[in-house]
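Colleague: Please choose one part of this model and look at it closely, then set it in the context of the rest of the chain, taking care to say how each term is used.

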Amino acid sequence: MILVLLTSCAQIPRSGPVGKSKDESAGNPNAPVFFPAAPRAGASPQAIIEDFYQAGSGYEDDYAVARQYLTQAASVAWKPDQRALVFRSARVVPTGVDNIFNYELDVVYSVDAVGVATQLPEGTKEYIPAALTQVDGQWRIAEIPDGTAIPEETFKVIYGAYPIYFYDPTFTYAVPDVRWFIRKKTVKAMTSALLGGPAPYLKGAVVSAFPSGIKLARESVPVVSGAAQVDLTAKDLVEASNEDRLRMQSQLSLTFRSQPDVVNVELRADQDLVRVEDDGSVLPPIRDKNVRSRQIAVSNDDLVRYENNRLSQLPDIESVTALGPRAPAESPVSQSVAFLNAGGTTLYSVVPGQQARELTTREALTGPSFDLYDWAWIAGPGASGAAEVVAYHPAGVAAGATVPAVTLAPDWLAGSTVKDFRVSRDGTRALVISEQNGRTSVRITGIIRRVDGTPRDLTSPVALLTSRDPDQGVWVDDTTVVVMKGSATENVVPELLSLTSAEPQPLAPWPGLTALSAGNGVGEIYAQSSEGVFQRLGNGWSAQLKGPIDPAFPG
């Protein structure tokens with residue numbers, strides 16, 4: 001197979017009376033293209049199967065070369081875009097039935113028809129059946145499931161991770177939904193995926209400006225003079241309010257941010273341009289919400305503010321020295337604070353003007369994490385010992401009154417011990433680190449809420465692969481978390497895990513790291529050891545203040 005890197009320098013004109021158009025394959029014009037080999041005369045059935053899947057990396061002209069390995073009927077029926085299985089290794093295995101074989105794959109991850117990737121642990125096997133027959137004396141595949149199978153290294157070259165965007169339920173924040181598409185065919189793929197709705201782990205946690213059932217009126221999204229022309233079914237678009245159209249346009253604009261040829265978005269109804277009046281009624285959603293630069297920490301057995309490498313008193317909060325605070329968290333929207341006791345078995349909250357109150361005591365608890373609705377989240381075993389996730393709302397509750405609480409026990413946590421639970425900064429997702437039968441899982445779940453923001457459920461999560469067994473993690477940005485297994489005595493290697501990458505990125509090792517915090521981006525990752533607080537600096541760690549412990553940014 002030959003790999004060619006296209007180096008066309010053609011530019012889409014930004015102005016002028018005549019525009020140049022790109023069709024539905026619009027994406028990266030410099031994307032690598034594979035030109036696979038056609039079938040070899042006299043090739044064995046095993047070789048035909050292997051070469052067919054090698055040819056499946058050649059997506060040009062609707063996989064024209066790969067279809068040459070199929071009978072005429074199979075060529076017409078085969079739908080390569082339905083799924084891509086990405087494998088570490090593969091081999092053809094006889095089934096014992098004449099002319100029927102299995103293509104045995106050690107699968108890294110699978111990508112469905114709308115770009116949703118599922119990462120799979122090492123050793124995951126999948127068997128693709130293939131039935132062959134002879135056509136004019138040459139073996140050809142007569143029956144094969146839809147989809148392609150691609151070597152991992154090839155996949156990394158021809159596919160890319162692209163976020164499409166939805167909204168939180170208040171339409172305030174833009175929430176990324178990372179999909180994997182062929183680099184040269186992204187604009188149409190992104191649009192179709194967006195109209196199809198969020199990935200399974202985000203369903204119910206996010207919303208879309210596009211009504212259910214709306215479709216592309218034509219099977220292409222041309223880019224003309226920098227304008228992506230999104231042609232939608234007329235009835236759905238014409239009947240939408242101007243506010244909804246503004247949100248649709250904004251959602252598409254965010255989604256196309258990664259496309260260098262797209263400057264703006266035009267909404268069309270059966271090819272007729274639909275005017276969208278920006279009357280100021282809709283604010284652009286906030287993407288990758290920043291946290292404030294200050295952290296909350298513990299010093300001399302009391303809560304303190306840690307900012308600009310200095311400590312100061314936490315304003316308006318009474319001393320909690322008698323409770324031995326650890327693992328504090330501060331709300332990003334109020335002055336509510338939550339923390340554990342030294343043993344990690346009791347959760348307290350404290351708000352200005354009130355004494356700290358006990359919220360729950362359990363055998364073990366994760367450190368608290370606040371969301372944008374002022375709910376403080378923890379996880380720990382319930383009365384029966386089963387894993388539970390509990391959210392409390394201490395803000396605005398009078399002294400002595402019961403603090404509202406919601407307990408969630410999703411099926412996918414059954415039998416697990418939750419090590420950490422951290423809500424994303426847009427309030428729609430949570431990082432969950434859990435252990436079951438000695439095996440650690442790092443997952444992202446969606447948070448489903450009632451209209452008033454009260455938590456109602458957690459979605460079935462998506463997994464992130466890690467090369468270690470972390471017991472804690474924090475959000476770094478809207479698609480990235482940093483995790484580690486803390487140890488007071490050994491070298492610790494934190495890892496960056498991203499929804500946009502299939503591989504963890506190890507950070508520099510450092511001795512005795514026991515706690516993590518993160519501000520805005522990979523340059524603001526902090527870690528703590530007995531020697532003090534350290535900030536990530538390049539490929540190492542820079543010493544900060546000695547004294548504070550368990551620092552945490554708001555959230």
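Modeller: What follows begins with one helix and its surroundings and then moves outward to other parts of the chain.

This is a predicted model, in which local features need pLDDT of at least 70 and side-chain atom pairs count only at pLDDT 80 or more, while totals for chains, interfaces and linings use all residues. Residues are numbered from 1 along each chain as its sequence is written, and side-chain values use heavy atoms, with hydrogens and water left out.

The part I would choose is helix α5, residues 186-196, which is mostly covered, with eight of its eleven residues buried. Here buried stands for under 20% relative accessible area, exposed for over 50%, and partly exposed for what lies in between, with a 1.4 Å probe and protein chains only. Helices (H or I, at least four residues) and strands (E, at least two) are DSSP runs numbered from the N terminus. The buried set in α5 consists of T186, V187, K188, M190, T191, A193, L194 and L195. These buried residues of α5 pack against four strands, β10 (159-167), β11 (173-182), β12 (223-224) and β13 (227-232), and against helix α7; contact is taken as heavy atoms within 4.5 Å.

Helix α7, one of those partners of α5, covers residues 242-255, and its 14 residues should span 20 Å at 1.5 Å a residue, which agrees with the 20 Å between its end C-alpha atoms. That expected span is 1.5 Å times one less than the number of residues in the helix. The buried residues of α7 are R245, L246, R247, M248, S250, Q251, L252, L254 and T255, a list that includes the arginines R245 and R247.

Just after α5 the chain reaches G197, which takes a positive phi of about 95°. Further on, in the loop between α5 and β12, lies K203, which counts as partly exposed because its relative accessibility is 48%. Leaving aside neighbours within four places in sequence, K203 is in contact with P198, I448 and T459. The last of these, T459, is 256 residues from K203 in sequence, yet their C-alpha atoms are 7.4 Å apart.

Another covered helix is α1 (45-55), where eight of the eleven residues are buried, so this helix is largely enclosed by the rest of the structure. Its buried residues are P45, A47, I48, I49, D51, F52, Y53 and A55, and what covers them includes α2 (60-67), β4 (83-94), β5 (100-112), β7 (125-135), β8 (138-143) and β9 (148-151). The loop between β3 (32-35) and α1 holds P39, which counts as buried because its relative accessibility is 19%. Beyond residues up to four places away in sequence, P39 touches Q68, Y69 and R140, and the C-alpha atoms of P39 and Y69, 30 residues apart in sequence, are 6.2 Å apart.

Two aspartates deserve a separate look at their backbones. Most residues other than glycine have a negative phi. D316, in the loop between β19 (310-313) and β20 (326-330), has a positive phi of about 65° and is exposed, with a relative accessible area of 54%. D374, in the loop between β24 (369-370) and β25 (376-381), has a positive phi of about 75° but counts as buried, at 8% relative accessibility.

Taken as a whole, the chain has seven helices and 43 strands. Its radius of gyration is 27 Å, close to the 24 Å that the globule rule gives for 555 residues, so the chain is as compact as a globular protein of that length; the radius is taken over C-alpha atoms, and the rule is 2.2 Å times the number of residues to the power 0.38. The C-alpha trace spans about 85 × 60 × 45 Å along its principal axes, and buried residues make up 54% of the 555 residues. Among contacts between residues at least 6 apart in sequence, 56% join residues at least 24 apart.
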